[in-house]
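Have a look at the model below and keep it open while you read. We'll take a walk through it, beginning at the end of a helix.

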2 protein chains.
Amino acid sequence: MEITRPTLLLNKEIALRNIENMVRKAENLHLNFRPHFKTHQSAEIGEWFRHAGVNCITVSSLTMANYFAEFGWDDITIAFSVNIPEIPEINELAGRIKLNVLIENREGLAALQEQITWHTGVFVKIDTGYNRTGIEFNRVTLIDELLETIQKSPLLEFKGFLSHTGHTYQSNSTHDIFNRHFDALLKLKALKARYQNDWPEIIISLGDTPSCSLCEKFDGVDEIRPGNFVFYDLMQFKLGVCKLTDIAVRMVCPVVAVHPSRNEVVIYGGAVHFSKDSIVNIDGKPLFGRIIIADGDKKILLDEKNYLHALSQEHGILKIAPRDLSYFKPGDLIEIIPVHSCLTANLMKEYLTTEDEIIKMMPFY
Amino acid sequence: MEITRPTLLLNKEIALRNIENMVRKAENLHLNFRPHFKTHQSAEIGEWFRHAGVNCITVSSLTMANYFAEFGWDDITIAFSVNIPEIPEINELAGRIKLNVLIENREGLAALQEQITWHTGVFVKIDTGYNRTGIEFNRVTLIDELLETIQKSPLLEFKGFLSHTGHTYQSNSTHDIFNRHFDALLKLKALKARYQNDWPEIIISLGDTPSCSLCEKFDGVDEIRPGNFVFYDLMQFKLGVCKLTDIAVRMVCPVVAVHPSRNEVVIYGGAVHFSKDSIVNIDGKPLFGRIIIADGDKKILLDEKNYLHALSQEHGILKIAPRDLSYFKPGDLIEIIPVHSCLTANLMKEYLTTEDEIIKMMPFY
């Protein structure tokens, strides 16, 4: 396909390798693999996971659970604390598939208990230090009370404890990632030890892409749920989690103008294509993407003095080192490695694979 | 309609009033009004403009031009410097409607001249100080050369000079906005004076929402193209451009969890709903939205000690003053005034009006 506007290019070979690696790692470590599908949001890419042996998944919303259920996924965890107004719709889905939901407070559980009409698995969401959501692991009086309530509910089945060690993303070194991961392991192991006698089937579920990619120890863990690893991105690269050659997505953008007077190049590709997530560049400024140009048949990744440094609705502004300006002229197509592949994919709504195939995502978030 | 998940609520009455006010202002100032439709991206809201007397529009991409052309808009300016790879598709549209495109360099014009097959209007994009894109107003040798080339092209018609005073968005006071606007006027008037003899029909087109909302002087200007004013948002409010009661959109989000230990509330509503655009709050931290809660029948806008302060993919984290925490409990619906209505609308893809009507946007960017 001829590319004429911002297009999300997906290297199928790399994505398949990323999937294969994580499947193998989970197998080797005897962990159930329940990948998070919020990164790719695509039924077709879901099939790549299925072919690799995956049969249960994680999603981040009921909308997404409904979408994947339509495509034959029948064992789904919605890794988002139960949204009370949606319980009637949760019932509709729970009647059709094996569904797990999350609770983290009395109110959510009480609403579930009152309104649920089908057998539903329940994970208790534990905060292992990310401090976004979940119950602090040491609030065992509250946890005891919640489990007692679950036990009394014939339609609710306690599955275990689920955590997202999202603070690995704020790490300054891979050492930090290991430390945060081990800290989470300790906390979850303590919980497992406390409740395993009463609930011998208890599942400990965790797994962000940084720790699942880097760490080899998962003592006490039963299930991992990474999502971003299927594509990786510049944020993961900056964290030391992947190599640049592991990143499966690139944005292809047309060059619109070259402004040598301020060492800038304007591309067609803005906030509605990339999202406004950024990382900090070596010059201390926000970086929205790194640049790959074509030099004849060769692709060259430019160094960090060249980067996507500003985004408005459809315009992207590249800062370009004077010596590299000659690589750019209006009408050229360049490639940008995105900072956060999940948010970029969510905006683009479709992929063009390196095999020239269009892959659609769920049309609506 | 019962709201169960993040929903973009549109107050139709306010939007109609915003449209009406800008239509009247353009009339009073004898300016052609060519509103930018990239903010609402909706055929139905387009009809509200048509009923107010609007018959020509601005869009930011060929995709958007094609969408609105389908709904009967036949006089469209694509306010984005010509994207060379799309010229064959520009031809398809130019054959059906009155289309204007932008050029800002020799390459873009040469490609147009070579490939264009239908009569097309051409604006020269002028940079009046925003420094994003366009030709600096004083590079008259380049401008002379471009106009000469246009004159030789039987299918290209020179329409005039177009500018976007986007640096009004970086203003620290309304005084700054006036200054930047007047500076742009001076530059464009100088250009008009220089070229009006040879091109008596020359059009000067400008107009961002801040200057079109605040300023009353548009000497030398023939056409304005604001877009955001239809909804306004927190960024415009912070700039002093609108009142809070002029903002026509709000996100309705369910409360998922309350964490008194860190004065935080978790909502269902994240980066995939709001976008990650932010302004700086009074505490120096990024603010992604301000909060309105319901107290019985009354709606209360909480002060700036309460705000949407972090976003991950689907989660939003509110910072809440201890005294106000009691307003929140899981399952409640709260309203958030978004920072940047264009990017929020672009993500949400539909509106729920205060008259309980669903309004769709263009499905694809």
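Start just past the end of α11(B), where Lys349(B) follows the helix with a positive phi, near 65 degrees. Bear in mind as you look that this is a predicted model. A positive phi is worth a second glance, since most residues other than glycine have a negative one.

Now step back into the helix itself. How many of the residues of α11(B) are buried? Eight of its eight are, which leaves α11(B) mostly covered. Reading along, you pass Ser341(B), Cys342(B), Leu343(B) and Thr344(B), then Ala345(B), Asn346(B), Leu347(B) and Met348(B), each of them buried. What do they pack against? Within chain B, the partners are β1 (7-10), β11, α10, β19 (333-338) and β20 (350-353). There is also a partner from across the way, namely α10 (271-274) of chain A.

That last partner takes us to the place where the two chains meet. Chain B puts 45 residues into the contact, and chain A puts in 45 residues. On the chain B side, the elements that each supply at least two residues are β4 (75-81), α5 (106-115), β11 (249-259), β12 (264-268), α10 (271-274), β18 (315-319) and α11 (341-348). So α11(B), with its eight buried residues, is one of the elements on the side of chain B that touches chain A. Sorted by class, that side of chain B has 17 nonpolar, 15 polar and 13 charged residues.

How are the two copies arranged? Chain B lands on chain A after a rotation of 180 degrees with 0.0 Å of shift along the axis, and the RMSD is 0.0 Å. This is the relation of a two-fold axis. To find the axis in chain B, look for Lys276(B): its C-alpha is the nearest one in that chain, 2.7 Å away from the axis. The copies meet through the same surface, because 100% of the interface residues of chain B are also interface residues in chain A.

Next, a pair of helices in chain A. The axes of α3 (residues 62-70) and α4 (residues 87-94) of chain A come within 11 Å and cross at roughly 20 degrees. Angles under 35 degrees count as roughly parallel, and α3(A) and α4(A) are therefore roughly parallel to each other. Their crossing is left-handed. From α3(A), the contact uses Leu62(A), Ala65(A), Asn66(A) and Ala69(A), while α4(A) brings Glu89(A), Ile90(A) and Leu93(A). By class, the residues of this contact divide into five nonpolar, one polar and one charged. The spacing along such helices has a simple background: an α-helix has 3.6 residues a turn, so residues three or four places apart point the same way.

You can look for the matching pair in chain B. There, the axes of α3 (residues 62-70) and α4 (residues 87-94) come within 11 Å and cross at roughly 20 degrees. That makes α3(B) roughly parallel to α4(B), and the crossing is left-handed.

Back in chain A, go to Leu112(A), which sits in helix α5 (residues 106-115). Is Leu112(A) buried or exposed? It counts as buried, because it has 23 C-beta neighbours inside 10 Å, and 20 or more is what burial takes. Setting aside its neighbours within four places in sequence, Leu112(A) is in contact with Val82(A), Ile87(A), Ile103(A) and Leu156(A). Of these, Ile87(A) lies within the stretch 87-94 that forms α4 of chain A, the helix you just saw packed with α3(A).

Let's finish out in the loops. Arg323(A) lies in the one between β18 (315-319) and β19 (333-338) of chain A, and counts as exposed because it has 9 C-beta neighbours inside 10 Å. Its C-alpha is 9.7 Å from that of Asn263(A), though the two are 60 residues apart along the chain. In chain B, Asn263(B) is found in the loop between β11 and β12, with a positive phi near 50 degrees. Asn263(B) is partly exposed, with 16 other C-beta atoms within 10 Å. Another non-glycine residue with a positive phi is Asp356(A), at about 65 degrees. Asp356(A) occupies the loop between β20 (350-353) and β21 (358-360) of chain A and, with 7 C-beta neighbours inside 10 Å, counts as exposed.

How values were computed. Residues are numbered from 1 along each chain as its sequence is written. Chains are lettered from A and ligands numbered from 1 in the order in which they are written. This is a predicted model: local features need pLDDT of at least 70, side-chain atom pairs count only at pLDDT 80 or more; totals for chains, interfaces and linings use all residues. Copies are superposed by least squares on the C-alpha atoms of residues with pLDDT of at least 70 in both. Two residues are in contact if their C-beta atoms, placed from the backbone, lie within 7 Å. Helices (H or I, at least four residues) and strands (E, at least two) are DSSP runs, numbered from the N terminus. Ala, Val, Leu, Ile, Met, Phe, Trp, Tyr, Cys and Pro count as nonpolar, Asp, Glu, Lys and Arg as charged, and the others, Gly among them, as polar. Axes are lines fitted to C-alpha atoms, for helices over the stretch in contact, and angles run from 0 to 180 degrees between N-to-C directions. Angles under 35 degrees count as roughly parallel, over 145 as roughly antiparallel, 65 to 115 as roughly perpendicular and the rest as oblique. A crossing is left-handed if the near helix is turned anticlockwise from the far one by less than a right angle, and right-handed if clockwise. A residue is buried if 20 or more other C-beta atoms lie within 10 Å of its own, exposed if 12 or fewer, and partly exposed in between; C-beta atoms are placed from the backbone.
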